[in-house]
Amino acid sequence: MSPPDVGLLPLYVRFYDEVLPDLLGQLEPFLERVRSSLEAGGLRLLAAPVGRTREDFARAVEHFEGAGADAILTLHLAYSPSLESADVLAATPLPVILLDTTPDREFGPGTDPGRLLFNHGVHGLQDLASVLRRKGKPYRVVAGHLDDPELVPRCARFVRAARAARAMHRMRALRIGGVFPGMGDFAVDDAVLREKLGIAVENILPSALAGDIAGVQPSAVAAEMDADRERYRVCCPPEVHERSVRVGLGLRRFLERGPFGAFSLNFLSFQDSDGPVSTVPFLECCQAMARGIGYAGEGDVLTASLVGALARGFGAATFTEIFCADWAGQSLFLSHMGELNPAQTADVPVLYEKEFPFTPARNPATLAGAPPPGPATFVNLAPGPGGSFHLIAAPVEVLADGTHPDLPRWVRGWIRPPAPLERFLEDYSHLGGTHHAALVPGHHGEALAALATFLKIDFHLLA
């Protein structure tokens with residue numbers, strides 16, 4: 001994943017240019033230290049001159065927008081009157097993060113009062129934050145000294161959350177074959193998805209893929225099969241592997257031409273045993289997630305878009321679903337029909353022929369595996385009343401893989417939530433959590449709270 005791009009916006013007051021003409025020059029080493037610390041923390045900075053007036057800030061924000069910034073990070077070098085910058089920052093679609101830091105780590109009773117001039121940006125930030133909130137502009141504040149080892153990593157996490165929010169707001173999602181009949185939890189009108197979250201949905205039938213599939217060259221199929229043999233443990237008849245790759249490459253071409261950042265398919269809509277679309281492209285569903293494209297099953301473009309946005313912001317995410325409760329072991333079994341992110345497996349995934357008795361479509365090839373043990377975050381984007389949405393997250397522990405001899409050909413995983421299993425399940429469903437979700441490596445509660453802020457939706461952490 002490429003480093004997030006953030007526009008660093010230094011704020012100052014024009015009055016000081018007149019009465020304290022040397023002050024800004026003395027603050028330049030601090031500004032440079034902030035820049036170098038942020039870059040060392042994995043952020044790619046877009047520079048802007050120190051701003052004083054509304055015109056300065058408008059030019060800077062226009063530059064950030066044109067350069068494709070994921071967020072704006074403000075830095076108060078001194079007090080800066082909020083009405084010089086607030087309208088500009090409130091109007092930009094870019095998420096805003098306010099960095100609350102100063103050159104000096106200490107400002108106690110023995111401090112030279114002359115150091116006030118170098119360390120008084122705090123109240124300028126408070127002025128700006130208050131006005132932004134009144135204007136309805138979502139923002140996050142990161143406060144601390146640069147010597148604090150968590151300050152810059154928290155900034156980076158918030159910028160990654162901003163990147164995920166930007167990805168969601170600009171998401172183009174493809175739904176193939178409609179929604180699985182009767183599934184209601186994730187079923188949201190496409191117009192609501194567009195209005196509330198920015199997700200633009202395109203609906204097609206599987207037959208719309210026929211032209212792209214028919215145009216796939218044999219050499220491309222052979223090359224993809226060779227690549228699969230390098231990255232997976234192939235336990236599949238060649239003809240099954242071949243047809244799955246052919247259909248999958250056709251789907252890949254369709255997605256790239258969109259371009260789509262997320263997609264979902266209803267497997268019941270794949271009804272043909274002959275012709276170009278002769279199988280369900282589960283294998284490409286897996287491959288797409290490894291490339292950072294969001295996916296969810298059964299026509300669920302809401303969760304698919306969540307998976308895509310999380311992948312864009314945090315580097316990896318997989319679609320998943322809670323299937324069974326292990327009451328005795330206080331864990332939950334995750335699975336799905338044949339979709340997982342192969343970049344998120346503990347061992348080399350198995351590529352196998354899956355029995356498919358549900359429609360006349362031929363058996364597909366797909367992948368099986370388990371996520372690596374360790375910390376992860378279970379994430380759900382749940383619809384609420386009146387076209388609302390809320391983000392639910394839980395820091396979980398992924399447990400070691402199972403031992404049953406039949407498991408190698410299953411999508412599987414066990415997670416242990418932070419609360420007693422019974423309470424976790426009760427709380428999750430009391431919040432309206434859907435049966436489709438995402439799993440992200442690592443614990444990201446604070447960053448996901450920021451993501452919800454930038455999306456202007458509620459956040460619930462089940463901890």
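Reader: Where is the place of proline 259?
Author: Elements here are DSSP runs numbered from the N terminus, helices being H or I of at least four residues and strands E of at least two. The model is predicted, so local features need pLDDT of at least 70 and side-chain atom pairs pLDDT 80 or more, while totals for chains, interfaces and linings use all residues. Residues are numbered from 1 along each chain as its sequence is written, and side-chain values use heavy atoms, with hydrogens and water left out. Proline 259 belongs to neither a helix nor a strand, but to the loop between α11 and β9 (262-265).

Reader: What is the omega of the peptide bond from glycine 258 to proline 259?
Author: This bond leads into proline 259, in the loop between α11 and β9. The bond from glycine 258 is cis, with omega near -15 degrees.

Reader: Which helix holds serine 244, and is serine 244 buried or exposed?
Author: The helix spans residues 238-257 and is α11. Buried means under 20% relative accessible area, exposed over 50% and partly exposed in between, with a 1.4 Å probe and protein chains only. Because its relative accessible area is 2%, serine 244 in α11 is buried.

Reader: Which residues are in contact with serine 244, leaving aside its neighbours within four places in sequence?
Author: Contact means heavy atoms within 4.5 Å. With those sequence neighbours left out, the contacts of serine 244 are Thr279, Pro364 and Ala365.

Reader: On which sides do the residues of β9 point?
Author: In a regular strand the side chains alternate between the two faces of the sheet. In β9, every one of the four residues named here is buried. Ala262 and Ser264 point one way, and the other way point Phe263 and Leu265.

Reader: Which strands are joined to β9 by 4 bridges?
Author: Two strands pair if DSSP finds at least two bridges between them. Strand β6 (residues 172-176) runs parallel to β9 and has 4 bridges with it, and in this pairing alanine 173 has alanine 262 as its partner. On β10 (residues 294-297), tyrosine 295 is the partner of phenylalanine 263. The strands joined to β9 by 4 bridges are thus β6 and β10.

Reader: What is the order of the open sheet of 5 strands?
Author: The pairing in this open sheet is parallel. Its edge strands, β2 (44-46) and β5 (139-143), each pair on one side only. Read across, the order is β2-β1-β3-β4-β5.

Reader: Which residue stands opposite proline 10?
Author: Strand β1 covers residues 5-11 and strand β3 covers residues 71-76. They pair in the parallel sense over 6 bridges. Opposite proline 10, in β3, stands leucine 75.

Reader: What angle does the direction of helix α3 make with that of β1?
Author: Axes are lines fitted to C-alpha atoms, for helices over the stretch in contact, and angles run from 0 to 180 degrees between N-to-C directions. Helix α3 (residues 54-66) packs on the sheet and touches β1, β2 and β3. Its direction and that of β1 make an angle of about 170 degrees.

Reader: What phi does glutamine 330 have?
Author: Glutamine 330 sits in the loop between β12 (322-326) and β13 (331-334). Because its relative accessible area is 25%, this residue counts as partly exposed. Although glutamine 330 is not a glycine, its phi is positive, at about 55 degrees.

Reader: And what phi does lysine 456 have?
Author: The place of lysine 456 is in the loop that joins α15 (445-455) to β20. With 62% relative accessibility, lysine 456 is exposed. Lysine 456 is not a glycine either, yet its phi is positive, at about 60 degrees.

Reader: Is aspartate 458 buried or exposed?
Author: Aspartate 458 is in strand β20 (residues 458-461). Beyond its neighbours within four places in sequence, aspartate 458 is in contact with Phe389, His390, Leu391 and Ala452. Because its relative accessibility is 51%, aspartate 458 counts as exposed.

Reader: What distance separates the C-alpha atoms of aspartate 458 and serine 278?
Author: Along the chain, these two residues are 180 residues apart. In space, the separation of their C-alpha atoms is 42 Å.
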